[in-house]
Amino acid sequence: MSSWTAKRFWKEATVVASDDGFGVALDGRPVKTPAKAPLVVPTQALALAIAAEWDAQEGEIKPETMPLTRAANAAIDKVAVQHEEVAAYIAEYGGTDLLCYRADQPERLAERQAEGWDPLLAWAKARYGVTLAVTQGLLPVPQPEVDLRKLHDEVRALTPFELSPLHDLVGISGSLILGLAVIEGEIDAEQAFTLSRIDERFQAEEWGRDEEAHLADLVKKQALLDAARFWSLLHE
């Protein structure tokens, strides 16, 4: 028996203003989240982009081609109802931030890491007043609790719609500092992804590229770019 798949049934997706923000309607019928809540977002720019995702569907609906819709659904159905837990989860990356774990050998890799990552740690110190410890190797290095609390407070202050893309920016890059640098405009998403893959690029240069890993990285890069776009549309 073939599984049922949803198919396009509407002619036009439009944006509808409301007291709570901006919703999307399909032939006048409001779009709802998987949990049946109204899909209402804070800005018209984001709503227009989400409507464009719906309008781009042809035949079978493909959720994987609708990253903005999925991020909005997550903000409404998941993040909003467990804001504290999500904020804490994201902030925990500060305790094991990618930028703090360096190679001791080969020297060329260590130099690349320092060149790429040291400026971001310096930025975090200037922006948030935190000084994260750097170590060589993979053994955990304890971070100052006062600094981790500062970073947690920064994350906790964000709205559910802001936490949704930050979750992906941090999770994909492996770095709370890189994620915060993107949303603060210190670096863009392309730069963040490149900085998060210094080790992988070095290994590919030394031993050749693993095509399967490369394809997986392309998917992750697009997800990170989509998260950054969601954040940008929230602030237009």
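**Helix pair α3/α5.** I began with the packing of helix α3 (residues 83-91) against helix α5 (residues 145-156) in this predicted model, and found their axes 9 Å apart at an angle of about 135°, which makes α3 oblique to α5. I then looked up the handedness of the pair and noted that α3 passes α5 in a right-handed crossing.

For the contact itself, I listed His83, Glu84, Ala87, Ala88, Ile90 and Ala91 on the α3 side, which meet His152, Val155 and Arg156 of α5. Sorted by character, the residues of this contact comprise five nonpolar, two polar and two charged.

**Nonpolar cores.** I turned next to the largest nonpolar core, which holds 45 residues, and looked for the members that touch the most others: these are Leu120 and Ile177. Two or more residues of this core come from each of α3, α4 (107-128), α5, α6 (160-173), α7 (176-183), α8 (189-196), α9 (198-207) and α10 (211-234). Leaving out residues up to four places away in sequence, I recorded that Ile177 touches Asp97, Leu99, Leu120, Leu121, Trp123, Ala124, Leu132 and Leu151. I also found another core lying apart from the largest one, with 25 residues that include Ala13, Ala45, Leu68 and Leu234.

**Serine 232.** Finally I checked Ser232, which is found in helix α10, and asked whether to call this serine buried or exposed. Its relative accessibility is 38%, and because partly exposed covers the range between under 20% and over 50%, I entered Ser232 as partly exposed. I also looked up its separation from His83: the two residues are 149 apart along the chain, and their C-alpha atoms are separated by 21 Å.

Conventions:
Residues numbered from 1 in each chain as written. Predicted model: local features only at pLDDT ≥ 70, side-chain atom pairs only at ≥ 80, totals over all residues. Heavy atoms only, no water. Axes fitted to C-alpha atoms, helices over the stretch in contact; angles between N-to-C directions. Helix = DSSP H or I, 4+ residues; strand = E, 2+ residues; numbered from the N terminus. Parallel < 35°, antiparallel > 145°, perpendicular 65-115°, else oblique. Left-handed = near helix turned anticlockwise from the far one by under 90°. Contact = heavy atoms within 4.5 Å. Nonpolar A, V, L, I, M, F, W, Y, C, P; charged D, E, K, R; others polar. Core = buried A, V, L, I, M, F, W, Y, C linked by side-chain atoms within 4.5 Å. Buried < 20%, exposed > 50% of the residue type's maximum accessible area, 1.4 Å probe, protein only.
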